[in-house]
Amino acid sequence: MKSSAQTIGDTAARFGLDTHVLRFWEDEGLLRPDRDAAGRRLYGDPDLVRIAVILRNKAAGLSLDQIRVLLDEQAPGRHRVLKDHIAELDRRAADIAQARAMTEHALRCRSHDITQCPRFRSHVDDVLAGATRWRLEVTEPPPGRIDGDSPQVAAGSGPSN
C-alpha cells in the first residue's frame, strides 16, 4: 500500500474532478492506484503526482494519448510528441497574435461597418482568398467516451502562408 493513501472520493475532490474521470484515466492506463482488501482504489503520493502531471499537461493542450506517451518511461516517441506540441503551440500563438491585432484594430476603427474597413479586411484576406481553410475543431470526446473534459469548440485556421 502506498504511503498517505487517499480514497478515490478524496483524491477527486482534491483536484476538483469527478470520480469517473479518475476511473477513466485508470482504464486508459494513465493511473495505477493500489487497492485495499475490499478492492477500493487508494491513491498514494506517486498517483497524486501523476494526476497533477495529467492535469497540467491537459491545460497545456496535450491529449490523453500524448500524455500517455509522456508518462510511459519506455515510450520511444516522447521527443516527437513534445516537438509536435511545441510546433502546435507556435501555430496557435501566431493565430492568437493575429486575432489580437485584428481585435485591437476593430476596437480603434472608426468605420461604422467593420467589414468595409480596408485594414480590418486585410486580417481576413487569407480566408477570403482560400489560402487558409477556416474550420471549427470539435474537441469533445466521441459519443460514449468520457475523459473528464467538458465539450469545447475551438476556432482555428489551417496552414497559413
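How are H1 and H2 oriented to each other, roughly parallel or roughly perpendicular? The axes of the two helices come within 8 Å and cross at roughly 105°, where an axis is a line fitted to C-alpha atoms, for helices over the stretch in contact, and angles run from 0 to 180 degrees between N-to-C directions. H1 and H2 are therefore roughly perpendicular to each other; angles of 65 to 115 degrees earn that description, whereas those under 35 count as roughly parallel, those over 145 as roughly antiparallel and the rest as oblique. On the H1 side the contact (heavy atoms within 4.5 Å) is made by Ile8, Gly9, Thr11 and Ala12, and on the H2 side by Thr19, Leu22 and Arg23.

A word on the model itself is useful here. It is a predicted model, in which local features need pLDDT of at least 70 and side-chain atom pairs count only at pLDDT 80 or more, while totals for chains, interfaces and linings use all residues. Residues are numbered from 1 along each chain as its sequence is written, and side-chain values use heavy atoms, with hydrogens and water left out.

Seven helices and five strands make up the list of elements in the protein; helices (H or I, at least four residues) and strands (E, at least two) are DSSP runs, numbered from the N terminus. Read from that end, the order is β-α-α-β-β-α-α-α-α-α-β-β. Of the 161 residues, 28% count as buried, meaning under 20% relative accessible area, with exposed meaning over 50% and partly exposed in between (1.4 Å probe, protein chains only). Among contacts with a separation of 6 or more, 43% come from residues 24 or more positions apart.

Now to the interior. The largest nonpolar core has 19 residues, and Leu22, Trp25 and Ile54 have the most contacts inside it. Such a core is a set of buried Ala, Val, Leu, Ile, Met, Phe, Trp, Tyr and Cys residues joined through side-chain atoms within 4.5 Å. At least two residues of this core come from each of helix H1 (8–15), helix H2 (19–27), helix H3 (45–59) and H4. Setting aside residues up to four places away in sequence, leucine 22 touches Ile8, Thr11, Ala12, Leu17, Leu31, Tyr43 and Ile51.

Leucine 22 has buried company in H2: Val21, Phe24, Trp25 and Glu26 are buried too. The cover over the buried residues of H2 includes H1, strand S2 (34–35), S3, H3 and H4. Just after H2, glycine 29 takes a positive phi of about 85°.

In helix H4 sits leucine 71, which counts as buried at 16% relative accessibility. Beyond residues up to four places away in sequence, leucine 71 touches Leu30, Arg50, Val53 and Ile54. Leucine 71 and leucine 30 lie 41 residues apart along the chain, yet their C-alpha atoms are separated by 7.4 Å. Glycine 44, in the loop between strand S3 (41–43) and H3, counts as buried at 0% relative accessibility.

Finally, helix H5 (residues 78–108) has 31 residues and reaches 45 Å from its first C-alpha to its last, close to the 45 Å expected at 1.5 Å a residue; the expected span is 1.5 Å times one less than the number of residues. Val81, His85 and His105 are buried in H5, and the cover over its buried residues includes helix H4 (64–71) and helix H6 (118–121).
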